[in-house]
Amino acid sequence: SYKADLKASSEVPPNVSKGTGAVDATYDTTSRKFSWTITYSGLTGPATAAHFHGPAAANANAPPVVPLSGNLASPVKGDATLTAAQATDLQAGRWYFNVHTAAHKDGEIRGQVMKK
C-alpha cells in the first residue's frame, strides 16, 4: 500500500494554494498492477492534468511516468501496469503525484508517493 499527502508547499517551487489532497494506492508485485484513488479539494480551478512523476526525490522535478486521462474530478480512480523500472522507482519512494490547474500549470498540489 502507498500514500501521498498532496499540498502546495510540496511543489517545486512551492506555491500558496489552499488546495489539499491524498493518494491512496496499491501495487501488486505479481501482476505489476498499480491502482489508485486520488481525492483533492480547494484548488484554484478545475484540474487540467494529473500525473505520477519519477524518478525524483521530494525536492526535485521529473517527467510524468503515469499520466491520468479522462475525468480528473475528485475522486479519481484508475490503474496501470508498471514496467520493472517503474516498479523499482515506486517501491524506492522515487515517485510523486501532482495535480495541475490553469493557475498553476506546473502543478498546484504535490506529494511524494511512499509505502504506508
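In this predicted model, Asp-24 is a partly exposed residue, its relative accessible area being 40%. A salt bridge links Asp-24 to Lys-116, with 2.6 Å between the closest N and O atoms. Since Asp-24 belongs to strand β2 and Lys-116 to the segment that follows β8 (109-115), the pair ties together parts that lie 92 residues apart in sequence. Lys-116 itself is exposed, at a relative accessible area of 58%; the cut-off for that class is over 50%.

This pair is a good starting point for a look at the charged contacts. Side chains of opposite charge can pair when their charged atoms come close. Across the whole structure, the search returns three salt bridges. Another of them joins Asp-79 and Lys-33, where the closest N and O atoms are 4.0 Å apart. Here Asp-79 sits in strand β6 and Lys-33 in strand β3 (residues 33-41), so parts separated by 46 residues in sequence are tied together. Asp-79 is partly exposed, with 46% relative accessible area, and Lys-33 also counts as partly exposed, at 37%.

Asp-89 and Arg-94 also meet through their side chains in a salt bridge, at 2.6 Å from N to O. For Asp-89, the relative accessibility is 15%, and the residue therefore counts as buried, the class being set at under 20%. Arg-94, in turn, is partly exposed, with a value of 34%.

Turning to the fold, eight strands make up an open sheet with antiparallel pairing, and their order is β5-β4-β7-β8-β1-β2-β3-β6. The edges are taken by β5 (64-67) and β6 (76-81); each has a single partner strand, so one side of each is left without a neighbour in the sheet. On average, and with direction ignored, neighbouring strands of the sheet are turned by 25 degrees against each other. Strand β6, at one edge, is also the strand that holds Asp-79 of the salt bridge to Lys-33.

One pairing in the sheet can be followed at residue level. Strand β1 (residues 2-7) and strand β2 (residues 20-28) run antiparallel and are joined by six bridges. Within this pairing, Ala-4 stands opposite Val-23 in β2. Strand β2 also contains Asp-24, the partner of Lys-116.

The empty space in the model comes next. Rolling a probe the size of a water molecule over the atoms shows where empty space is left. The largest pocket holds about 160 Å³ of space. It is lined by 15 residues, and the closest to the pocket centre are Glu-11, Val-12, Asn-61, Asp-106 and Gly-107. Strand β7 (residues 95-101) gives the largest share of this lining, with three residues. By class, the pocket lining is made up of five nonpolar, seven polar and three charged residues.

As for enclosed space, there is one cavity of 30 Å³ or more, and the largest cavity contains about 30 Å³. Its lining consists of Ile-38, Tyr-40, Ala-47, Ala-50, Leu-68, Leu-72, Val-76, Phe-97 and Val-99. Two or more of these residues come from each of β3, β4 (47-53) and β7. The cavity lining has nine nonpolar residues, with no polar and no charged ones, whereas the lining of the largest pocket includes seven polar and three charged residues. Strand β7 thus appears in both settings: it contributes to the lining of the cavity and gives the largest share of the lining of the pocket.

How values were computed: Residues numbered from 1 in each chain as written. Predicted model: local features only at pLDDT ≥ 70, side-chain atom pairs only at ≥ 80, totals over all residues. Heavy atoms only, no water. 1 Å grid on protein atoms, 1.4 Å probe; cavity = no way out; pocket = protein on both sides within 12 Å on 5 of 7 lines; lining within 4 Å. Points joined across faces, edges and corners; volume = space filled by probe spheres on them. Helix = DSSP H or I, 4+ residues; strand = E, 2+ residues; numbered from the N terminus. Nonpolar A, V, L, I, M, F, W, Y, C, P; charged D, E, K, R; others polar. Pairing = 2+ DSSP bridges. Axes fitted to C-alpha atoms, helices over the stretch in contact; angles between N-to-C directions. Buried < 20%, exposed > 50% of the residue type's maximum accessible area, 1.4 Å probe, protein only.
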